[in-house]
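Hi,

Here is the structure I promised to pass on. Have a look at it first, and my notes on what turned up are below.

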Amino acid sequence: MSIIGWIVLGLLAGIIAKAIMPGRDPGGCVMTILIGIAGALLGGWLGKVIFHVESIDGFFQLSTWIAAIVGALILLVVYRLVAGRRT
């Protein structure tokens with residue numbers, strides 16, 4: 001996928017992750033995009049390591065979206081734990 005595809009996928013995965021796990025986050029739209037992009041990469045890597053499958057196949061593949069959303073959820077939990085301790 002191109003870099004624009006990763007940004008769009010990351011934005012949407014971050015929004016979906018925040019919708020699944022609502023609450024106050026100390027980040028805004030930019031943080032949502034960054035968590036989503038990093039989550040997509042993390043989800044793809046975890047899919048490769050744990051299940052030995054290529055989970056980031058293409059933008060319209062269900063496995064790509066599941067991996068991105070699960071990765072974004074993991075990073076959102078970690079971000080809330082780290083950011084929650086600072087305040």
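The largest nonpolar core has seven residues: W6, L9, A13, A40, W65, A68 and I69. Two elements each give two or more residues to this core, namely α1 (3-20) and α3. Bear in mind that this is a predicted model.

I69 is a good place to start clicking around. Not counting neighbours within four places in sequence, I69 is in contact with A13, I16, A17 and I20. A13 is listed with I69 in the core as well.

Zooming out, the chain has three helices and zero strands, so it's an α-α-α run if you read from the N terminus. Of the 87 residues, 33% are buried. If you take the contacts with a separation of 6 or more, 67% of them are between residues 24 or more positions apart.

Now for the outside. The chain exposes about 5,400 Å², and 74% of that comes from carbon and sulfur atoms. There is also a nonpolar patch on the surface, made of L62, I66, V70, I74, V77, V78, L81 and V82. Together these residues have about 670 Å² of accessible area.

Why is V77 in the patch and not counted as buried? V77 has a relative accessible area of 37%, so it is partly exposed, whereas buried means under 20%. V77 sits in helix α3, which spans residues 62-86, and α3 is also one of the elements that give two or more residues to the core. As background, nonpolar side chains in soluble globular proteins tend to be buried together.

Cheers

How values were computed. Residues numbered from 1 in each chain as written. Predicted model: local features only at pLDDT ≥ 70, side-chain atom pairs only at ≥ 80, totals over all residues. Heavy atoms only, no water. Patch = residues over 30% accessible without salt bridge, like charges linked within 9 Å, V, L, I, M, F, W, Y side chains within 5 Å. Areas by Shrake-Rupley, 256 points an atom, 1.4 Å probe, with all protein chains shown as cover. Salt bridge = Lys/Arg side-chain N within 4 Å of Asp/Glu carboxyl O. Helix = DSSP H or I, 4+ residues; strand = E, 2+ residues; numbered from the N terminus. Buried < 20%, exposed > 50% of the residue type's maximum accessible area, 1.4 Å probe, protein only. Core = buried A, V, L, I, M, F, W, Y, C linked by side-chain atoms within 4.5 Å. Contact = heavy atoms within 4.5 Å.
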